[in-house]
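Here are a few short exercises to work through with the structure open beside you. Try each task on your own, then follow the solution step by step.

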Amino acid sequence: TLSVADFTADNVMINIDFPSIPTAGDEFTFTCTATVPERLVPSPGFIISYNTDIFNIREVVVDNPNATNSSVMRNGNVFSRDISLNPVKTSDATQYFCEVEFGDLGADNDNSGTLSVTISSPIMSLVLSPNDTIYEM
């Protein structure tokens, strides 16, 4: 018996992966991945965006001059797109959304994740002359 089902966004598993917590000033890349049913033919379109506040969702590569994205990559039934932030800034720490659209199929789905950015510790050096006094507080 052959059964035919309508394709819906529920057939797609979306993931947004932050491989680590970056340090401000470094280059950082994260990935949006869509796993689709085995025999789905059309490639998905990816929209990767971030939330500047609850009512203002903006596309990353349009709005952030430090952001670049890769072309959509395919490995079997897994499609992915990378976003690189170079350099990543503390202001990049926010919620990101990965939305996947399937054009003519009219289906879309999304997932989100929150990026944290750390600040590196400043490096201090202390140079003393032989006759200097060191005071303890």
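**Exercise 1. Find how strand β1 is joined to strand β2, and name the residue of β2 opposite M13.**

Solution. This is a predicted model, so keep in mind that you are reading a prediction. Begin with β1, which covers residues 13-17: five bridges join this strand to β2. The two strands run antiparallel. Now look across from M13, and you will find T35 of β2 standing opposite.

**Exercise 2. Work out how β2 is joined to β7, and which residue of β7 partners T29.**

Solution. Strand β7 spans residues 78-85, and eight bridges join β2 to β7. Here, too, the strands run antiparallel. For T29, the bridge partner in β7 is S84.

**Exercise 3. Explain why strand β2 can be called largely enclosed.**

Solution. First locate the strand, residues 28-35. Next, count its buried residues, using the cut-off of under 20% relative accessible area. Six of the eight are buried, so β2 is largely enclosed by the rest of the structure. One residue of this strand, C32, has 0% relative accessibility and therefore counts as buried.

**Exercise 4. Search the whole structure for disulfides and say where the partners sit.**

Solution. The search finds one disulfide. The bond joins C32 to C98, with 1.4 Å from S to S. C32 belongs to strand β2 and C98 to strand β8 (residues 95-101), so to speak of distant parts of the chain is fair: they are 66 residues apart. Finally, check the surroundings of C98: its relative accessibility is 0%, so C98 counts as buried.

**Exercise 5. Describe the aromatic pair formed by F18 and Y96, then name the cluster that holds them.**

Solution. The structure holds four aromatic pairs. In the pair of F18 and Y96, the centres are 6.1 Å apart and the planes make an angle of 65°. Since edge-to-face needs over 60 degrees, the pair is edge-to-face. F18 lies in the loop between β1 and β2, while Y96 lies in strand β8, 78 residues apart. Y96 has a relative accessible area of 2%, so it is buried. Together with F28 and F30, F18 and Y96 form one aromatic cluster.

**Exercise 6. Is R81 buried or exposed, and what does its side chain reach?**

Solution. Find R81 in strand β7. Its relative accessibility is 17%, so R81 counts as buried. Then follow the side chain of R81: it reaches the backbone oxygen of S70 at 2.7 Å.

Notes. Residues are numbered from 1 along each chain as its sequence is written. This is a predicted model: local features need pLDDT of at least 70, side-chain atom pairs count only at pLDDT 80 or more; totals for chains, interfaces and linings use all residues. Side-chain values use heavy atoms; hydrogens and water are left out. Buried means under 20% relative accessible area, exposed over 50%, partly exposed in between (1.4 Å probe, protein chains only). Helices (H or I, at least four residues) and strands (E, at least two) are DSSP runs, numbered from the N terminus. Two strands pair if DSSP finds at least two bridges between them. A disulfide is a pair of cysteine sulfur atoms within 2.5 Å. Rings of Phe, Tyr and Trp (its six-membered ring) pair if their centres lie within 6.5 Å; planes under 30 degrees apart count as stacked, over 60 as edge-to-face and the rest as tilted. A polar contact is a pair of N or O atoms within 3.5 Å; within protein, one must be able to donate a hydrogen and the other to accept it, and residues adjacent in sequence count only if both atoms are side-chain atoms.
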